[in-house]
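Let's take a walk through this model together, going from the packing of helices to the pairing of aromatic rings. Have the viewer ready and turn the model as you read.

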Amino acid sequence: MKALRRDILSLISTYLESETNFEYFNANFLPTLQAMVEDYQNSDPFARDPQTLMFFATLLKKEGQYLANILNQLLVGLCQPTLDMIKDDFITFPEFREGFMKLVHNMIKHCTSALIELDPGMFSTII
């Protein structure tokens, strides 16, 4: 199942790299992808896939401000669980660190105005 999810995310990432009109994508795919964020959040850390972080980093890079309305969900569903996995040491879950940093970087670079509107606790966690 994890390999299938990784292949699907890779396929959608390839589509995103070449897409310029996101109306169809946002209407038809974004709700399903939001469910993936909830699944990531609720799953065991060893069952999570770092490709999920890379995918949402790509999505933020391409759509940026258009995803401002789901930024809080991404923070709670992706960043907080990943941060809980990697904050205790620098050895465990090395494959998640790159995706996490890219995700946070793209949030800051492409979704700045939405970050500023976050509650202070969540904002300081990201910074």
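At roughly what angle do the axes of helix 1 and helix 4 cross? Keep in mind as you look that this is a predicted model. Helix 1 covers residues 2-18 and helix 4 covers residues 50-63; their axes come within 10 Å and cross at roughly 15°. Angles under 35 degrees count as roughly parallel, so helix 1 is roughly parallel to helix 4. As for the hand of the crossing of helix 1 and helix 4, it is left-handed.

Now bring up the side chains where these two helices meet. Helix 1 contributes Arg5, Arg6, Leu9, Ile12, Ser13, Leu16 and Glu17, while helix 4 contributes Pro50, Gln51, Thr52, Phe55, Thr58, Leu59 and Lys62. By type, the residues of this contact between helix 1 and helix 4 comprise 6 nonpolar, 4 polar and 4 charged.

One of the residues from helix 4 deserves a pause: Thr52. Is Thr52 buried or exposed? Its relative accessibility is 1%, and buried means under 20%, so Thr52 counts as buried. Which residues is Thr52 in contact with, once its neighbours within four places in sequence are left aside? They are Arg5, Leu9, Met36, Tyr40 and Leu78. Two of these names, Arg5 and Leu9, you have already met in helix 1, on its side of the contact with helix 4.

Let's turn next to the aromatic rings. How many aromatic pairs does the structure hold? There are 6 aromatic pairs, and two of them make a good tour. Begin with Phe25 and Phe29: their ring centres are 5.5 Å apart and their planes lie at 25°, so this pair is stacked. Planes under 30 degrees apart count as stacked. The two partners have their own surroundings to check: Phe25 has a relative accessible area of 0% and is therefore buried, whereas Phe29, at 34% relative accessibility, counts as partly exposed.

For another arrangement, find Phe93 and Phe96. This aromatic pair is edge-to-face, with 5.8 Å from centre to centre and 85° between the planes. Phe93 counts as buried at 14% relative accessibility, and Phe96 is buried too, with a relative accessible area of 2%.

Finally, go back to Phe25 and Phe29 and look around them. Together with Tyr15 and Tyr24, they form one aromatic cluster. Tyr15 falls within the residues 2-18 of helix 1, which brings you back to where the walk began.

Key
Residues numbered from 1 in each chain as written. Predicted model: local features only at pLDDT ≥ 70, side-chain atom pairs only at ≥ 80, totals over all residues. Heavy atoms only, no water. Axes fitted to C-alpha atoms, helices over the stretch in contact; angles between N-to-C directions. Helix = DSSP H or I, 4+ residues; strand = E, 2+ residues; numbered from the N terminus. Parallel < 35°, antiparallel > 145°, perpendicular 65-115°, else oblique. Left-handed = near helix turned anticlockwise from the far one by under 90°. Contact = heavy atoms within 4.5 Å. Nonpolar A, V, L, I, M, F, W, Y, C, P; charged D, E, K, R; others polar. Phe/Tyr/Trp six-rings, centres within 6.5 Å; stacked < 30°, edge-to-face > 60°. Buried < 20%, exposed > 50% of the residue type's maximum accessible area, 1.4 Å probe, protein only.
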